[in-house]
Protein chains: 2
Amino acid sequence: MEVDAVNMINVLGKQARVAAKAMRMANTSAKNRALTLAAAVMRREMKEILAANALDMKAADENGLDAAMKDRLMLNGDRVEAMAEGLEQIAALPDPVGAVDNLNYRPSGIQIGHMRVPLGVIGIIYESRPNVTADAAGLCLKSGNAVILRGGSEAIHSNRAIAACLRRALVDSGLSQDAIQLIDSTDRALVGALLKSEQYVDVIIPRGGKSLIERVSAESRVPVIKHLDGICHVYVDRAAKAEMAVKIAVNAKTHRYGVCNAMETLLIHRDVAAETVQALVQAMLEKGVEVRGCAQTRECCAGLDVKIATEEDWATEYLAPILSVRIVDSLDAAVDHIATYSSDHTETIVTEDYEAGSRFLREVDSSSVMWNASTRFADGFEYGLGAEIGISTDRLHVRGPVGLEGLTTQKWIVYGHGEVRS
Amino acid sequence: MEVDAVNMINVLGKQARVAAKAMRMANTSAKNRALTLAAAVMRREMKEILAANALDMKAADENGLDAAMKDRLMLNGDRVEAMAEGLEQIAALPDPVGAVDNLNYRPSGIQIGHMRVPLGVIGIIYESRPNVTADAAGLCLKSGNAVILRGGSEAIHSNRAIAACLRRALVDSGLSQDAIQLIDSTDRALVGALLKSEQYVDVIIPRGGKSLIERVSAESRVPVIKHLDGICHVYVDRAAKAEMAVKIAVNAKTHRYGVCNAMETLLIHRDVAAETVQALVQAMLEKGVEVRGCAQTRECCAGLDVKIATEEDWATEYLAPILSVRIVDSLDAAVDHIATYSSDHTETIVTEDYEAGSRFLREVDSSSVMWNASTRFADGFEYGLGAEIGISTDRLHVRGPVGLEGLTTQKWIVYGHGEVRS
């Protein structure tokens, strides 16, 4: 690792540690003021932000970035306004810090409870979308943490302009600007140094494609909250209402294609396949979705354009208008298929049967398990978290949509009256 | 890494994954039956367990283990009975698995809640004490996890005998014996292989001395719940009752010396030092505790045997009848001292002052923060967890005493009625 990179991260890390100590104690109104001010500064500096983004877009053209990447990178007035509104929404959320729960007396006479506290210093490593700079920093600020942001090199000008707005708002609210720091360099060695800085950073949250997540997971000495694939399933049970099954499956697949909570594989119980699979496949084809089916599916869909699904299809996150379809013999077979191929993100069962639904909720071991609802609901806003910094596919600390609470931890507090242990 | 070690861990890991899937769904009565039966089998096999322990004790003599290590290793009838009772106590605890909380309707019409589920496969790496085999396995069993145990080589015969009892009880209760597996070899390469087996193991919990914890933290690719030092503080505030301060400080230091929640440093506000420090130091000396004080402490204690505390003392976990004492200028100075030298385990303030106590609870960032109570209360039993597998000094997932809940995670469950996202 390059010495300069380590030195630079150590400087940022030390500043973040000091800022985190102050942020931990910052009161709710100061944090809300900073968020509201940041929104105002972003609106005021709209021109500068768009000018910075234009530099990134120019470089994107020169570097031949594809249309999807350029769309993610591009800012306009509406998108800056949406970022500002996002910060105001975070200001309106309840402050999780300092909340005490489960305060109870013990036989010894002490009263014991749990107090929610910030994690400390959070490192966020992300790609393309400049709005992550505002969203992530806003969530870290509200939850009382300091944050070190490392955006993609393709968005460096945009990120710099947005971070400057946020830092100005911190200062104008009487908080330390070091609570939000941007790694203002595209040197890749800095990511390596950040991942090794366990002395200064309490958790790393990567947001981006598979290769980024894998690099971070492999190299990090700091605990990671990560978000891997979303290979999500809809299982149409024997006791499903056909109309509801079509409605949920179509929404889960076609509402948006490039998102992690979209369905990638549709499982159908063989007892209802004959009547339902045609309607389901027909609805997908009408939406322009390519359908890849198992042998039985193709048999049931004679006359419809169903391609052959291979073993690889079951394990693929398409993020595209492609769907794999499999007919299964039983609820157990559906649960087994999901256990084998799912990325443990989100699965749903469509059924009117109490036992089947209850068993599915209990037996499927994914971060979100649903009954008669679209997988697209797996989202921080839809779950009532107010906002999300990502969707964790880890098992420890936080699973599924990560909101303000996922950016905090708890400590035990004890109220005594002179008690000692005997 | 040796190929044989990796192969052996892969075999255990695959078996554990299969067993974990079954354990996840095991009902409460089957798990309780296995725990109660395990206690019965241990009592029945008492002779065999003690004979196995005698082999370990003989090897300990031959290898020149010190008296403290031999005491930790030694089993007798009472200690085996205590292990059996511990398993029965775990059987009596409520089952955390499947519990649903915060089930609420959202504006979309879906109902969203959290269901508690096991972590999966837990690896426990520990030293000397054979009772960890029963305690840790019992907690993992009740929380619906599979466990791979790796005890110290000095206790291999004892651990083997205890694990055999537990596995027999699993089988006799209709559960898989692979839910509790012991690495039946003293080859150190197996620890390395276990730490790299992220495919089969969800979390590693090391229990033992500093060097073990450090090795595990440095090498593990699997998430770790670790327990580092306990450098705990008692702060006697300006508004402390002198009598209560002496009672709490003496209990925190002298109730047991070799435990992580014992006080190592006593901080005293300068306004009460003149009247209180003499009484505090006198009480410690009477208990045979060596006192090392700052210059001011030594001034206040003229005539008493107070040695000079060095910078190193503030950062030392003595685990022995030694105490460092420092007089501080203010509550802020006490909080700063703790922030600098504490291991973030447990700290307590003694005060009758509302503002000082409230500030201490809020500002001190340790896993347990107390007001007018002995640090010795930082313990799973005292907190009402029923039992503990250790005390986490990590920030993520679980902090402080780790009971059944710390061995579980949560998934989101959604009850819908055909809702789709618009």
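Before looking at any loop I fixed my terms: helices (H or I, at least four residues) and strands (E, at least two) are DSSP runs, numbered from the N terminus. With that settled, I looked up His397(B) and found it in the loop between strand E14 (390-392) and strand E15 (400-402) of chain B. I kept in mind throughout that this is a predicted model.

**Entry 1: confidence**

I checked the scores before reading any detail, and the mean pLDDT of chain A is 95, with 100% of its residues at 70 or more. For the model I noted ipTM 0.93 and pTM 0.93.

**Entry 2: His397 and the axis**

Is His397(B) buried or exposed? I counted it as buried, because 20 other C-beta atoms lie within 10 Å and the cut-off for a buried residue is 20 or more. I also wrote down that its phi is positive, about 70°, although His397(B) is not a glycine.

I then asked how the two chains are related, and found that a rotation of 180° with 0.0 Å of shift along its axis superposes chain A on chain B, at an RMSD of 0.0 Å. That is the relation of a two-fold axis. Looking for the residue of chain A that comes closest to this rotation axis, I arrived at His397(A), whose C-alpha is at 1.8 Å.

**Entry 3: the contact between the chains**

I looked up the contact next, which takes 54 residues from chain A and 54 residues from chain B. Among the elements of chain A that give two or more residues to the side touching chain B, I listed helix H1 (3-25), helix H10 (242-254), strand E13 (368-373) and strand E16 (408-419). E16(A) gives the most to this side, with eleven residues. By type, I recorded 22 nonpolar, 18 polar and 14 charged residues on the side of chain A that touches chain B. Since 100% of the interface residues of chain A are also interface residues in chain B, I concluded that the copies meet through the same surface.

Strands also pair across the contact, and I found five bridges that join E13(A) to strand E16 (residues 408-419) of chain B, the two running parallel. As one example, I noted that the bridge partner of Met370(A) in E16(B) is Val414(B).

**Entry 4: an open sheet in chain A**

I traced an open sheet of four strands in chain A, in the order E5-E4-E3-E6 and with parallel pairing. Strand E5 (180-182) and strand E6 (203-207) of chain A stand at the edges with a single partner strand each, so one side of each is left without a neighbour in the sheet. Neighbouring strands of this sheet are turned by 20° against each other on average, direction ignored.

Within the sheet, I followed strand E3 (residues 121-126) and strand E4 (residues 146-150) of chain A, which pair in the parallel sense over five bridges, and I saw that Ile125(A) stands opposite Arg150(A) in E4(A). Helix H9 (residues 210-219) of chain A packs on the sheet, touching E3 and E6 of chain A, and its direction makes about 160° with that of E6(A). Helix H7 (residues 156-172) of chain A lies across E4 and E5 of chain A, running at about 155° to E5(A).

**Entry 5: two single residues**

I ended with Ile391(A), whose place is in strand E14 (residues 390-392) of chain A, and which is buried, with 25 other C-beta atoms within 10 Å. Beyond residues up to four places away in sequence, Ile391(A) touches several others, including His227(A), Cys260(A) and His345(A).

Asn102(A), by contrast, is exposed, with 10 other C-beta atoms within 10 Å, and I found it in strand E1 (residues 100-105) of chain A.

Notes. Residues numbered from 1 in each chain as written. Chains lettered and ligands numbered in written order. Predicted model: local features only at pLDDT ≥ 70, side-chain atom pairs only at ≥ 80, totals over all residues. Least-squares fit on C-alpha atoms with pLDDT ≥ 70 in both. Contact = placed C-beta atoms within 7 Å. Nonpolar A, V, L, I, M, F, W, Y, C, P; charged D, E, K, R; others polar. Pairing = 2+ DSSP bridges. pLDDT = per-residue confidence, 0-100. Axes fitted to C-alpha atoms, helices over the stretch in contact; angles between N-to-C directions. Buried ≥ 20, exposed ≤ 12 C-beta atoms within 10 Å, placed from the backbone.
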